[in-house]
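User: Could you walk me through this model with a few questions and answers? I have the sequence and the structure ready to look at.

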Amino acid sequence: MGKSWRLRFLVVSLIAVLCVPFALLERQNRSTTQAQEGGQPAVAQTWGSNHVGKPVPDYITGDECLFCHRGIGSTWQDNRHQLTMRKAFNSPEIAKLAEIGEASRFIKDIQFVMGNTRQTRFLRRTDKYGQLDLLSAPLTHGEAKSAKRNSFGEAVWDSDVFGKSCAGCHATGVDNRTHAFSALSLDCFTCHGNPSLDHTEDTTKVALSKARGDSARVVVSICGQCHIRTGKSRSTGSPFANNFVTGDNLFLDLDVNWSDGKIQSLNPIDAHVLHNVRDVVTTGSTVTCLSCHDVHKAGTKRHKALADHRLCYTCHTPGKPKSERRPLDVHSDVCRY
Ligand code: HEC
Ligand code: HEC
Ligand code: HEC
Ligand code: HEC
Ligand code: HEC
Ligand code: HEC
């Protein structure tokens, strides 16, 4: 190889090396503008850390918590968070399924049911740890009934959907590399994180305790990990964040379109969630889910005493008495009802 070739090679390599930082800068600029157009406020990502790529913590299970917290136990068994997935045995949904001719052939395999008053889904164990097959046909009730027909005739067991598209919000402790969950339904860990046992002496050591006074952005990250049903994980592409643990900043991994247009396109339930979270992460509002909702007693009594605010009008009508409300029907592309 001649001298001039070596020189030319050197110059080309030098140019290439010099271009890398510019290309990176350019990419960064582009993603900032894209984010702004998508309505992702930069401020949502300016604090905290996350658990992307780390193992699911070895958390204390609900049975252990309830051994001491018996007061919580009395309402916990009826709490929707604990009931979102339950054993199929003797459930009223299985009884309904038995009445649908085409569906009855699946009953012997169904081990779990999932869902509430609008839709029920059916699941069975697989031979893989922490994974379930989801029956493709749903049983629809109430307002969802007209939207999607029950179609058990063509139904199949699907192994790919639950772990990648549902588990992060309906099960506990999902490992996004294997799509395996640690526990069915939603355990204390999903909201309270993994408190050390010395929280019994000092309650600031457990999330959501009275003494701790978690900030509004911590609270909306906790509830938003499941109740924002329009986000996408930057690291996995799933509709739920990668290994979120209480205390994390949800929006480091979850990409959300915060635009007015997006909020207005949603039903009042999904809209008031997104609107509330946006107010907290962009304007520093201190009104959170917990200003209105009591999770353990499952009520919204406290919301009626709040001062009027733009958020109220996702459900009420401006200039009209509060007894007037938009119908609160809910549909969700992510949950497929
Ligand atoms: C981003 C979190 C998230 C993901 C992902 C998710 N869900 Fe949901 N799902 C929720 C929340 C939150 C609710 C409760 C909404 C409410 O009551 O307003 C819910 C409710 C439901 C319901 C109950 C509807 C009713 O009221 O009867 C069903 C059934 C359901 N989801 C199925 C699924 C299925 C199947 C998947 C996967 C294909 C899935 N969901 C994925 C968060 C999620
Ligand atoms: C869906 C989220 C969520 C889950 C799951 C959850 N909690 Fe809570 N918990 C809360 C919130 C929020 C508060 C704070 C009370 C408030 O401000 O409404 C709370 C408060 C508490 C308190 C304080 C007592 C009180 O009434 O203020 C205890 C004790 C508690 N939770 C225990 C548990 C145990 C034990 C489990 C599991 C069996 C559990 N929680 C599951 C959200 C949750
Ligand atoms: C060994 C018994 C024990 C276990 C196990 C235990 N706790 Fe506690 N916890 C206590 C005691 C005692 C207190 C302080 C007194 C109180 O407020 O009830 C407390 C306080 C709390 C509080 C704050 C209550 C407040 O005043 O705001 C929360 C929330 C809580 N625990 C949640 C949990 C969760 C979630 C688990 C499981 C991960 C758990 N605890 C496991 C005994 C226990
Ligand atoms: C890990 C996921 C997850 C987290 C975290 C979570 N939720 Fe939920 N939540 C759900 C799902 C799923 C349902 C629907 C369960 C069902 O009916 O099948 C639900 C139901 C609800 C409901 C309706 C309850 C009812 O009685 O019909 C309210 C209100 C609610 N959640 C508020 C909250 C608040 C406030 C927080 C934060 C403190 C929170 N949730 C945290 C997943 C979650
Ligand atoms: C300004 C008060 C307010 C705030 C803030 C608020 N909510 Fe609500 N939310 C309500 C009211 C009121 C309802 C209607 C409850 C009813 O049907 O009785 C509701 C309904 C819901 C439902 C549907 C409950 C059901 O019965 O199906 C869910 C889920 C929910 N909220 C979650 C959240 C979450 C998560 C946040 C925080 C990001 C939040 N909300 C913030 C007032 C509020
Ligand atoms: C997610 C929907 C939702 C949001 C957001 C909401 N409300 Fe409500 N509101 C309801 C529902 C549903 C009822 C009726 C159920 C009940 O009484 O609990 C109600 C009832 C009320 C009532 C009692 C009205 C009557 O005469 O029956 C008042 C007052 C009220 N809301 C005030 C507010 C204020 C103030 C805000 C904002 C801070 C707000 N609401 C936000 C859904 C909502």
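User: Which protein donors hold the iron atom of ligand 2, and how far from it do they lie?

Analyst: Happy to start there, with the note that this is a predicted model, where local features need pLDDT of at least 70, side-chain atom pairs count only at pLDDT 80 or more, and totals for chains, interfaces and linings use all residues. Residues are numbered from 1 along each chain as its sequence is written, chains are lettered from A and ligands numbered from 1 in the order in which they are written, and side-chain values use heavy atoms, with hydrogens and water left out. Donors are N, O and S atoms within 2.8 Å of the metal (3.2 Å for Na, K and Ca), and sites may look incomplete because water is not among the atoms. For the iron atom of ligand 2, the protein donors are His 192 (NE2) and His 296 (NE2), at 2.0 Å.

User: What is the arrangement of the six donor atoms around that iron atom of ligand 2?

Analyst: Six donors count as octahedral if opposite donors are over 155 degrees apart and all others between 65 and 115. Ideal angles for six octahedral donors are 90 or 180 degrees. Here the angles run from 87 to 179°, so the arrangement is octahedral.

User: How many residues apart in sequence are the parts that His 192 and His 296 tie together?

Analyst: His 192 belongs to helix α7 (residues 189-192), while His 296 is in the segment after α11 (289-292), so the pair joins parts of the chain separated by 104 residues. Helices here are DSSP runs (H or I, at least four residues), as are strands (E, at least two), numbered from the N terminus.

User: Is His 69, a donor at the iron atom of ligand 3, buried or exposed, or in between?

Analyst: The protein donors of that iron atom are His 69 (NE2) and His 199 (NE2), 2.0 Å from it. Buried means under 20% relative accessible area, exposed over 50%, and partly exposed in between (1.4 Å probe, protein chains only). His 199 has 13% and is therefore buried. At 41%, His 69 is partly exposed.

User: Which protein donors serve the iron atom of ligand 1?

Analyst: The six donor atoms around this iron atom subtend angles of 87 to 179°, which makes the site octahedral. The two protein donors lie 2.1 to 2.2 Å from the iron atom and are His 170 (NE2) and Cys 335 (SG).

User: Which element gives the largest share of the shell around ligand 1?

Analyst: In total, 23 residues surround ligand 1, each with a heavy atom within 4 Å of it. One of its oxygen atoms is 2.6 Å from a polar backbone atom of Arg 118, and a nitrogen atom is 2.9 Å from an N or O atom in the side chain of His 170. Elements that give two or more residues to the shell are β2 (112-115), β3 (119-125), α6 (161-170) and α8 (216-227). The largest share, five residues, comes from α6.

User: Where does ligand 1 lie relative to domain 1 and domain 2?

Analyst: Domain bounds come from an automatic or database domain assignment. Both domain 1 (41-59 + 188-331) and domain 2 (85-185) give residues to the shell, so ligand 1 lies between them.

User: Which backbone nitrogen does the side chain of Asn 79 reach?

Analyst: Asn 79 sits in the loop between α3 (70-76) and α4 (80-83), and is buried at 4% relative accessible area. A polar atom of its side chain lies 2.9 Å from the backbone oxygen of Val 295. At 2.8 Å, the side chain of Asn 79 also reaches the backbone nitrogen of His 81.

Key: A polar contact is a pair of N or O atoms within 3.5 Å; within protein, one must be able to donate a hydrogen and the other to accept it, and residues adjacent in sequence count only if both atoms are side-chain atoms. Four donors count as tetrahedral if all angles lie between 85 and 135 degrees; four count as square planar and six as octahedral if opposite donors are over 155 degrees apart and all others between 65 and 115; anything else is irregular.
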